[in-house]
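Visitor: I am new to this structure and would like to be taken through it by questions. Please show it to me before we start.

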Amino acid sequence: MKKKNKTDWLLEGLKVLEEKGFNKLSIEELCVRLNLTKGSFYHHFKNIENYVESLMIYWKEENTLPFINKVNTKDNFLDKYYYLKELVANASHKKEQVIRGWSYSNPIVKFYLQQVDSFRLSFLKELRQIKGESKENTDHAAMLEYATLIGIQQLFPDITKEELQQLQKFYDKI
């Protein structure tokens, strides 16, 4: 059997969130799914709280920073803006839906979700500043656009990529 590393545990945790929800995320569930012992878990993590914090750091680094880095390879506002929309439409939203729900009952999750939201909003504001919008418009537009995306994810958890892209096109017209 291949030895599992810390990242394997974190990836499995994200799968549990996506497939079963945060209530099913436990040391026992992870051990069963990975066919490993609790000792193996404790080799990588002090306790479940340490695991949750590691999971949220990993989620933040894998589900926000790569998007921004990819978008920043583009040269102008429109290329950046539409590439970001494409990346968002192609991404799985289930983990994020679960994490948002979990944040209401878990202060560790809430802390990292707030960081991610703040970081994403700042990036949207930066994009609009590149476009040349005023500070007031930049702040309001970024907040409204991000809130719309989060609302769509929460209200329509099974929205398809195509449906989301149609909504994005409609939103761009208003």
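Visitor: Which residues does methionine 56 touch, not counting residues up to four places away in sequence?
Guide: This is a predicted model, and the answers rest on its atoms. A touch here needs heavy atoms within 4.5 Å. With residues up to four places away in sequence not counted, methionine 56 touches Ile99, Trp102, Val109 and Tyr112.

Visitor: Which residues have the most contacts inside the largest nonpolar core?
Guide: In general, nonpolar side chains tend to be buried together in soluble globular proteins. The largest nonpolar core of this chain has 26 residues. Those with the most contacts inside that core are Trp9, Tyr51, Leu55 and Met56.

Visitor: Which element gives the most to this core?
Guide: The elements giving two or more residues to the core are α1, α2, α4, α7 (94-102) and α8 (107-131). With six residues, the element that gives the most is α4.

Visitor: How many residues are in the second, separate core?
Guide: This second core is separate from the one just described. Among its members are Ile68, Tyr81, Val88 and Ile159. Its number of residues is 18.

Visitor: Is leucine 17 buried or exposed?
Guide: Leucine 17 sits in helix α1. Not counting residues up to four places away in sequence, it touches Phe22, Leu25, Leu55, Val98, Ile99 and Trp102. Its relative accessibility is 0%, and the cut-off for buried is under 20%. Leucine 17 therefore counts as buried.

Visitor: How many Å apart in space are leucine 17 and valine 88?
Guide: Along the sequence, leucine 17 and valine 88 are 71 residues apart. In space, taken from C-alpha to C-alpha, the separation is 19 Å.

Visitor: Which residues of helix α2 are buried?
Guide: Helix α2 covers residues 27-34. Its buried residues pack against α1 (6-20), α3 (38-44) and α4 (48-63). Those buried residues are Ile27, Glu29, Leu30, Cys31 and Leu34.

Visitor: Why does glutamate 29 count as buried?
Guide: Glutamate 29 lies in helix α2. Residues more than four places away in sequence that glutamate 29 touches are Val16, Lys20 and Lys24. Buried means under 20% relative accessible area. Glutamate 29 counts as buried because its relative accessibility is 17%.

Visitor: Where does asparagine 35 lie, and is it buried or exposed?
Guide: Asparagine 35 is in the loop between α2 and α3. Although not a glycine, asparagine 35 has a positive phi of about 55°. The cut-off for exposed is over 50%. At 56% relative accessibility, asparagine 35 therefore counts as exposed.

Visitor: What does helix α9 span from its first C-alpha to its last?
Guide: Helix α9 has 21 residues, numbered 135-155. At 1.5 Å a residue, 30 Å is expected. The reach in the model is close to that, at 30 Å.

Visitor: Which helices do the buried residues of α9 pack against?
Guide: The buried residues of α9 include Thr138, Asp139, Ala141, Tyr146, Leu149 and Ile152. Glu145 and Gln153 are also among them. The buried residues of α9 pack against α6 (77-90), α7, α8 and α10 (161-173).

Visitor: Which residues is aspartate 172 in contact with, leaving aside its neighbours within four places in sequence?
Guide: Aspartate 172 belongs to helix α10. Because its relative accessibility is 28%, aspartate 172 counts as partly exposed. Its C-alpha atom is separated by 22 Å from that of threonine 64, which is 108 residues away along the chain. Leaving aside neighbours within four places in sequence, its contacts are with Tyr81, Tyr82 and Lys85.

Visitor: How many helices and strands are there in the chain?
Guide: Read along the sequence, the pattern is α-α-α-α-α-α-α-α-α-α. The C-alpha atoms fill a box of roughly 55 × 30 × 25 Å along the principal axes. The count is 10 helices and zero strands.

Visitor: What percentage of the residues of the chain count as buried?
Guide: The chain exposes about 10300 Å², and carbon and sulfur atoms supply 53% of that area. The chain has 174 residues. The share that counts as buried is 41%.

Notes
Residues numbered from 1 in each chain as written. Predicted model: local features only at pLDDT ≥ 70, side-chain atom pairs only at ≥ 80, totals over all residues. Heavy atoms only, no water. Buried < 20%, exposed > 50% of the residue type's maximum accessible area, 1.4 Å probe, protein only. Helix = DSSP H or I, 4+ residues; strand = E, 2+ residues; numbered from the N terminus. Areas by Shrake-Rupley, 256 points an atom, 1.4 Å probe, with all protein chains shown as cover. Core = buried A, V, L, I, M, F, W, Y, C linked by side-chain atoms within 4.5 Å. Expected span 1.5 Å × (residues − 1).
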